[in-house]
Amino acid sequence: GATSLVPDFGGGMTSAGGPVEIDASDGIEWRRDENVYIARGNARAARGDTSISADSLIAHYRGDVAGKTSIYMVEALGHVVVVSKDARIVGDKAVYNLESGSAIITGGNLRASSKDQYLTARDSLEYWEKQGAVVARGKAVAANPEQEVKADLLTGYFHLDNTGTKKLYQVEASGNVFITGKGSVARAAKAIYNIDSNVATLEGGVKITRGKNQINGEHAVYNLKTGQAKITGGGAQVKTLLVPGSDGGGSLAP
């Protein structure tokens, strides 16, 4: 059966954000000399609205002179799942810092999902609880049914929508940025894309293609919904190719 551990050492096992509960089907080992608990088999550690589960967990704790102990870090190994109000993140390994409210997840097939949105990455995914943000590193992709953003580094931010549910509303991208949606492709070195407004601010080697229409420059503000693009910098370097009506609606306007 499952083993539940909520030690009461002068006030209970806590973290900076409240009590921590650890469960494991194959038992929990307490290594006093190392100040760790090792939970094996369907292991899970939960605090408030955030939990982390894996094949095994190592919970690091520290004590004070009054005898109170607090868990400050949890390492997770194998089939890792981090669940919060904001997102569900899966990977192979994770380090969850309870003091900063951050979790760094690594391994293959990294994925963070929320409603019909998702983030994937090659190298790592980071969840920052207090900031309401997810960071994806290495061939990162953020997508919903209508748009997709690719870059070397993506940072996604959550906020409450009109139903009171947290959703991804803005993505900051850097390095080999590609934004696709509604038959258009926008390329740049950096971008800030507001999902709610469908407006992307692009910088560095900007190239926007919509059907046979193309616009180039160094800085641009692009509305993916209407197809309108406005060059805000680049001076004489700006080149514009317009083929009216070629994209079946919407236009690129310098």
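**Note on the predicted model: core, cavities, pocket and salt bridges**

1. Outside its neighbours within four places in sequence, L202 is in contact with I179, A186, A188, K190, A191, I208, E218, H219, A220 and Y222; contact here means heavy atoms within 4.5 Å. This is a predicted model, in which local features need pLDDT of at least 70 and side-chain atom pairs count only at pLDDT 80 or more, while totals for chains, interfaces and linings use all residues. Residues are numbered from 1 along each chain as its sequence is written, and side-chain values use heavy atoms, with hydrogens and water left out.

2. L202 is also one of the residues with the most contacts inside the largest nonpolar core, together with I52, V74, L154, I179 and I208. That core has 58 residues. A nonpolar core is a set of buried Ala, Val, Leu, Ile, Met, Phe, Trp, Tyr and Cys residues joined through side-chain atoms within 4.5 Å. In soluble globular proteins, nonpolar side chains tend to be buried together.

3. On the chain as a whole, there are zero helices and 21 strands. Helices (H or I, at least four residues) and strands (E, at least two) are DSSP runs, numbered from the N terminus. Of the 254 residues, 44% count as buried; buried means under 20% relative accessible area, exposed over 50%, and partly exposed in between (1.4 Å probe, protein chains only). Among contacts with a separation of 6 or more, 35% are between residues 24 or more positions apart.

4. G91 lies in strand β9 (residues 88-97) and is buried, at 9% relative accessibility. Its C-alpha is 7.8 Å from that of G78, a residue 13 positions away in sequence. Apart from neighbours within four places in sequence, G91 is in contact with H79, V80, I105, T106 and L110.

5. Two cavities of 30 Å³ or more turn up in a search of the whole structure. The search uses a 1 Å grid over the protein atoms alone: a cavity is a set of points where a 1.4 Å probe fits but cannot get out, a pocket is an open set with protein on both sides within 12 Å along at least five of seven lines, and lining residues have an atom within 4 Å of a point. Grid points are joined across faces, edges and corners, and a volume is the space filled by probe spheres set on the points.

6. The largest cavity holds about 70 Å³. Its lining consists of Q117, Y118, A142, A143, N144, Q147, E148, V149, L168, V171, Y193 and I195. Strands β12 (117-121), β14, β15 (147-160) and β16 (166-181) each supply at least two of these residues, and β15 gives the most, with three. By class, the lining has eight nonpolar, three polar and one charged. Ala, Val, Leu, Ile, Met, Phe, Trp, Tyr, Cys and Pro count as nonpolar, Asp, Glu, Lys and Arg as charged, and the others, Gly among them, as polar.

7. The second largest cavity, of about 60 Å³, is lined by A87, A112, S113, S114, Q117, Y118, L119, F158 and L168. Two or more of these lining residues come from each of β11 (110-114) and β12. Six of the lining residues are nonpolar and three polar, with no charged residues.

8. The largest pocket has a volume of about 170 Å³. K115, D116, Q117, N144, P145, E146, K167, I195 and D196 line this pocket. They divide into two nonpolar, two polar and five charged.

9. The structure holds eight salt bridges, each a side-chain nitrogen of Lys or Arg within 4 Å of a carboxyl oxygen of Asp or Glu. R40 and E29 form one of them, at 3.1 Å from N to O. This pair links distant parts of the chain, with R40 in strand β6 (residues 36-47) and E29, eleven residues apart from it, in strand β5 (residues 28-31). Both are partly exposed, R40 at 36% and E29 at 30%.

10. Another salt bridge joins R31 to E34, with the closest N and O atoms 3.6 Å apart. R31 is partly exposed at 28%, as is E34 at 43%. In R137 and E126 the closest N and O atoms are 2.7 Å apart; R137 sits in strand β14 (residues 133-143) and E126 in strand β13 (residues 124-128). R137 is partly exposed at 35%, whereas E126 is buried at 9%. Through shared salt-bridge partners, E29, R31, E34 and R40 form one network.
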